[in-house]
Structure formats: C-alpha cells, structure tokens
Amino acid sequence: MGAEYSGKLITDGLENMDCGAVQAEERASGVACAREWEAMLEKPPSMHPTCIRTSDHPAIGRLVYRKSNALDHAAIELNCGPTHVKTGEQDRVTRPTAPHTVDPEFKSTRLRIVTMAGGWYAVLRYHVTPPLFLVFFPGVVNFMALWGQGERDVTWGLAASKALGNSFSWAVVGVLVLWASVWLHVPARATLGPPTKFGYRPPYKDNGVLYYWVSLTAFFILEALFPGLSTALFLNMPELLGSLNVSALLLCGLLFVKGRYLPDHPQDKQPSRPVLYEFFTGLELHPRLLGMDVKQLTNCRVGLMAWQLLIIAFYIAGVERHGFNIAALVNLLLQSMYLAKFFWWEYGYFNTLDIILDRAGYYICWGCLVWVPCLYTFSSYYLVAHPPQISNLAAVGAALLGVFRSAPNGKCVLWGKPARYIVANLVSSPGKSRKLLVSGFWGVARHLNYTFELVATLAWCLPGWGLGLWPFLYFYFLVALLVHRTFRDEEKCSVQYGDSWELYCKEVPYRLVPYVF
C-alpha cells in the first residue's frame with residue numbers, strides 16, 4: 001500500500017494500522033455482529049463507513065469504496081443478515097444495504113459475495129483448508145528435501161522414515177532454539193509494538209542486529225572447529241526438517257491449549273469456531289512463553305536465522321563438492337543482504353500483518369519454523385547436488401538485478417520533486433489523519449515494495465537457470481503469497497481510510513506492476 005508521509009517516508013506502509021474492523025473478519029457469530037453494528041450506529045452519520053438502512057432513518061452514511069467495500073465484506077463474514085440491535089427505547093432492525101445510487105454491477109457483485117460467504121467459501125475456509133494444510137505440508141517437506149539432494153526414487157515411505165529426525169538433527173534444533181532463547185533474555189533495550197484493540201502493547205527485545213552478526217560469527221567458528229559441519233547439515237536436511245516438524249507441531253498444540261485455558265489476555269476472546277481452524281489460525285495474538293514473545297522467537301530468531309545459517313552451510317557444502325562458483329556465491333550474497341536488512345529492520349516487522357493481525361498458530365509458527373527452512377532455502381539447497389550452469393557474466397547480471405532494487409530513501413524530495421500526498425482521515429479515529437504518498441515509487445504502484453521483493457527473489461533464484469523449475473519454487477510461492485497479501489492490505493486500508501483510500505486508488509491505479517496489475 002502507499003506509505004504514510006510524516007516527515008520521513010515509511011516504505012513498508014503497514015505502520016499504525018491497528019484497525020479493529022479488519023479483525024471482524026475473524027469473528028463469526030451473531031453476537032459479535034450485533035456489537036459491530038451497534039457500535040457503528042452510535043457514531044455520527046459521517047463516520048459510518050458503509051450504508052445502513054433502519055426503520056426510522058432512510059439512509060445513514062455513504063459508500064466509501066463502491067465496488068468492494070471492506071466493511072461490507074466484514075459484515076458478510078460475520079453472517080450479518082437482519083440483526084436486532086437495541087438502541088434507546090426501541091428495537092430496530094439494521095442491515096447493510098447499498099445506496100440508491102449504486103450501480104447494478106455492485107448489486108450483482110454483492111449478491112455473489114453473500115452467496116459465496118454463506119456457502120462454499122465458508123466450507124472451504126473453515127473445514128477444507130485447515131485439514132488439507134495440516135496433512136499435506138508437514139508431509140511434503142521431507143519429500144522436497146530428498147528430491148533436492150538428487151534422490152529420484154523418492155517414495156512417501158522413504159520420506160516418512162525421516163519424519164522423526166535423528167540424534168544429529170535434534171542436537172542442531174536444540175542448539176538453535178536455545179541460542180535464540182538466550183538472546184531474548186540477555187539485557188537489551190526493550191521496544192513496544194503497536195497497541196492492540198484491547199490496549200496491550202507487546203514488548204520486544206531490540207537486539208536483532210547484534211544477534212545476527214554474533215550468530216554468523218559463531219557459525220563460522222563452529223565450522224572451523226568441526227570441519228564438515230556444513231556438509232553434515234546438507235546430508236541431514238530431511239532429518240532436520242523432521243525434527244523441526246515435530247517441534248513446531250508440539251509448539252502449536254501447546255499454544256492451542258494455552259489459548260483455550262490460560263490465555264495471556266482473556267479479554268481478547270473470539271467466538272468458537274471449528275477446532276482445526278482454531279489450531280490452524282491460532283487463538284492468541286501475542287502469546288508469551290518463558291518470558292519470550294512467541295512470534296519474535298519463531299518468526300525472527302529461529303525461522304529467519306535458520307534460513308541464513310542454512311544457506312551459508314549449503315554454499316560451503318557446494319564448494320566442497322564442486323569448487324568455487326560465482327553463481328552460487330551470488331545466490332548466497334543476495335539472500336544474505338536481504339536477511340541482514342531484515343534484522344536491521346526487525347522493529348518494522350512488528351508493524352506488519354504477520355504480527356498485528358495473524359494469531360500465533362500453525363499458519364504462522366509452523367510456517368516460520370518448518371516452511372521457511374524448507375522452501376525459502378531451496379534455491380541454495382538445490383545447487384549443492386545440482387551445480388549452477390549459467391555463465392559468470394549471467395551470474396553478475398543476476399547480482400546487479402538483485403542489488404538494484406531500491407525504495408524511497410527517507411527524504412522529503414522524491415526524484416527531484418517535492419513529495420505529494422493525500423491527507424487521509426482515519427475512519428476508526430475521528431480527528432486523526434495520515435498522509436498517503438503519491439510520489440516517487442509510491443506513485444507508480446500501491447505495493448511496489450512487494451514488487452521489489454519479487455525482483456530480489458527472482459535474482460537469487462536465477463543461478464538455478466537451466467536446472468528446471470525446482471530452483472524457482474520459492475519465487476512461485478512468493479508471487480502467490482504477495483498477491484494474496486495485497487488484497488488483505490487493501491481490505492484493511494479501505495476500512496482504515498475510507499473515502500481517502502478510494503481517492504488514493506484513483507491516483508495510483510496499479511497494485512504491483514504498472515499497466516498489468
């Protein structure tokens with residue numbers, strides 16, 4: 001989305017987006033629905049982010065995003081048909097309706113969405129996706145690891161034989177988790193994340209940069225003390241993923257039980273939903289275990305550090321097998337730049353959807369503990385058994401492509417011109433506003449930061465050119481992930497900024513790629 005302008009440019013654009021209306025998507029009972037609309041009726045008419053028709057008020061409010069109103073969608077997710085809400089001394093039936101000026105296209109679109117939300121979409125979301133993800137992905141990681149090693153007679157039985165790990169893999173997982181935990185307990189400056197809708201500001205350890213460089217130094221010392229460590233990590237990768245798999249599933253089970261019976265914030269309750277869906281999405285937004293924020297531990301300190309250390313190990317293992325190769329080095333350096341920047345920017349990550357919206361469950365925690373080490377490292381992992389075939393010149397070209405991606409540098413003059421922006425009033429906070437940039441890169445596409453990330457990913461996958469589709473698996477996955485995320489971002493922004501977001505979308509009509517999407 002467009003970054004906000006407040007003296008400096010914020011390139012992530014998800015800052016200060018604690019919007020309660022988006023959380024409505026996660027609630028699915030009539031009681032929650034009634035509370036949502038009752039709260040809206042208490043606001044002045046100008047603050048209604050969608051139209052509401054009542055028995056004694058012909059029309060209150062106005063449509064802010066004509067063809068895809070996010071709050072309409074949230075209401076549909078809440079199964080809001082006619083809902084009785086007590087206001088004053090009489091009961092009134094309130095229901096979201098389209099204004100008299102709405103076009104037939106919007107009416108038909110809305111009808112299709114209502115039908116979808118009440119039928120197959122609900123079945124897919126609550127009853128199909130969770131068990132599918134819980135069965136397929138934990139099973140496929142060992143299969144991928146064996147295939148990446150060059151094993152072509154991979155059977156599910158062979159993959160299952162690696163599922164419980166071995167003594168080496170459990171030692172590696174234990175050392176990594178212990179190392180990450182120590183760094184979340186050592187004295188360091190604490191920083192607070194964005195406030196939740198129930199008033200809690202999660203504390204985080206702000207020592208990511210030091211943790212990153214000390215971890216790399218420690219790994220090189222271990223490699224020097226135990227020659228062959230990197231090759232052992234490569235050869236035991238299927239077992240390593242098996243140990244991570246078991247650990248992550250046990251953690252998700254613990255978080256599920258804790259969220260049900262011992263939540264850190266009992267006031268942050270959601271209506272009951274299918275058990276597998278609750279396990280999949282998680283129950284608590286900011287759970288803590290042993291004095292640590294769970295998502296900082298799993299997402300940042302274990303998942304991302306495992307990514308960094310594993311690609312170093314795979315590069316060393318490849319050199320030991322095939323000798324020095326510029327393409328493999330480019331693959332390592334571009335990813336390392338990306339990861340070093342993440343730990344430098346770690347506080348900014350605490351303002352993103354992963355932290356402020358997604359709850360700590362299988363989707364986030366298992367994904368960071370298992371899927372990141374498996375898929376995100378796969379372009380490097382695959383090159384160990386399948387050495388790069390591209391020329392040195394092509395490798396240098398891939399490096400330049402990856403390094404060239406850039407974003408606004410924080411100054412108030414963009415491309416030689418004063419920054420232009422739209423003042424956006426916050427629907428959820430009367431009297432407050434933000435500034436949405438329409439200059440520089442943010443005037444080209446609303447999520448151009450995602451476009452740059454895709455370019456960087458493509459660049460570090462290019463050393464695998466000529467080796468088939470496998471070295472590009474992460475790139476394909478990231479395209480799907482970020483396209484999905486653009487719609488999640490925009491739904492949240494349309495609720496947060498109302499009319500101003502519609503104006504911004506007219507000023508910047510493209511999401512990721514100008515003239516394409």
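Is cysteine 493 buried or exposed? Cysteine 493 is buried, with a relative accessible area of 0%. This value, like the others here, is computed from a predicted model.

## Cysteines

Where is the cysteine sulfur closest to that of cysteine 493? It belongs to cysteine 505, and the two sulfurs are 8.3 Å apart. That is too far for a bond. A disulfide needs the sulfur atoms within 2.5 Å. Cysteine 505 is therefore in no disulfide, since the nearest cysteine sulfur, in cysteine 493, lies 8.3 Å away. A search of the whole structure finds zero disulfides.

Cysteine 505 has 11% relative accessibility. The limit for buried is under 20%, so cysteine 505 counts as buried.

## Overall build

The protein has 517 residues, and buried residues make up 55% of them. Its secondary structure comes to 21 helices and 11 strands.

Take the contacts in the protein with a separation of 6 or more: 76% of them join residues 24 or more positions apart. The exposed surface is about 23100 Å². Carbon and sulfur atoms supply 66% of that surface.

## The nonpolar cores

The largest nonpolar core holds 100 residues. Trp307, Trp366 and Trp371 have the most contacts inside it. Helix α12 (residues 294-322) gives the largest share of this core, 17 residues. Why does the core lie between domain 1 and domain 2? Domain 1 (130-388) and domain 2 (404-516) both give residues to it, so it lies between them.

Tryptophan 307 shows contacts well beyond its sequence neighbours. Leaving aside residues within four places in sequence, tryptophan 307 is in contact with Gln335, Tyr338, Leu339, Val372, Tyr376, Thr377, Trp460 and Tyr474. Another core, of 11 residues, lies apart from the largest one. Val438, Tyr504, Cys505 and Val508 are among its residues.

## Serine 336

Serine 336 sits in helix α13 (residues 326-344). Is serine 336 buried or exposed? Its relative accessibility is 14%, so serine 336 counts as buried. Beyond the neighbours within four places in sequence, serine 336 is in contact with Tyr212, Gln308 and Ile311.

## Strands β10 and β11

In a regular strand the side chains alternate between the two faces of the sheet. Strand β10 (residues 421-425) follows this alternation. Ile422 and Ala424 point to one face and are buried. Tyr421, Val423 and Asn425 point to the other face and are not buried.

How many bridges join β10 to strand β11? Five bridges join β10 to β11 (residues 433-437), and the two strands run antiparallel. Valine 423 stands opposite lysine 435 in β11.

## Positive phi angles

Most residues other than glycine have a negative phi. Leucine 290 has a positive phi of about 55°, although it is not a glycine. Leucine 290 lies in the loop between β6 (288-289) and β7 (292-293). At 74% relative accessibility, leucine 290 counts as exposed.

Tyrosine 515 also has a positive phi, of about 70°, and is not a glycine. Tyrosine 515 is found in the segment after α21 (499-507). Is tyrosine 515 buried or exposed? Tyrosine 515 is exposed, with a relative accessible area of 72%.

Technical notes. Residues are numbered from 1 along each chain as its sequence is written. This is a predicted model: local features need pLDDT of at least 70, side-chain atom pairs count only at pLDDT 80 or more; totals for chains, interfaces and linings use all residues. Side-chain values use heavy atoms; hydrogens and water are left out. A nonpolar core is a set of buried Ala, Val, Leu, Ile, Met, Phe, Trp, Tyr and Cys residues joined through side-chain atoms within 4.5 Å. Buried means under 20% relative accessible area, exposed over 50%, partly exposed in between (1.4 Å probe, protein chains only). Helices (H or I, at least four residues) and strands (E, at least two) are DSSP runs, numbered from the N terminus. Domain bounds come from an automatic or database domain assignment. Contact means heavy atoms within 4.5 Å. Two strands pair if DSSP finds at least two bridges between them. Accessible areas come from the Shrake-Rupley method with a 1.4 Å probe; for residues, only the protein chains shown count as cover.
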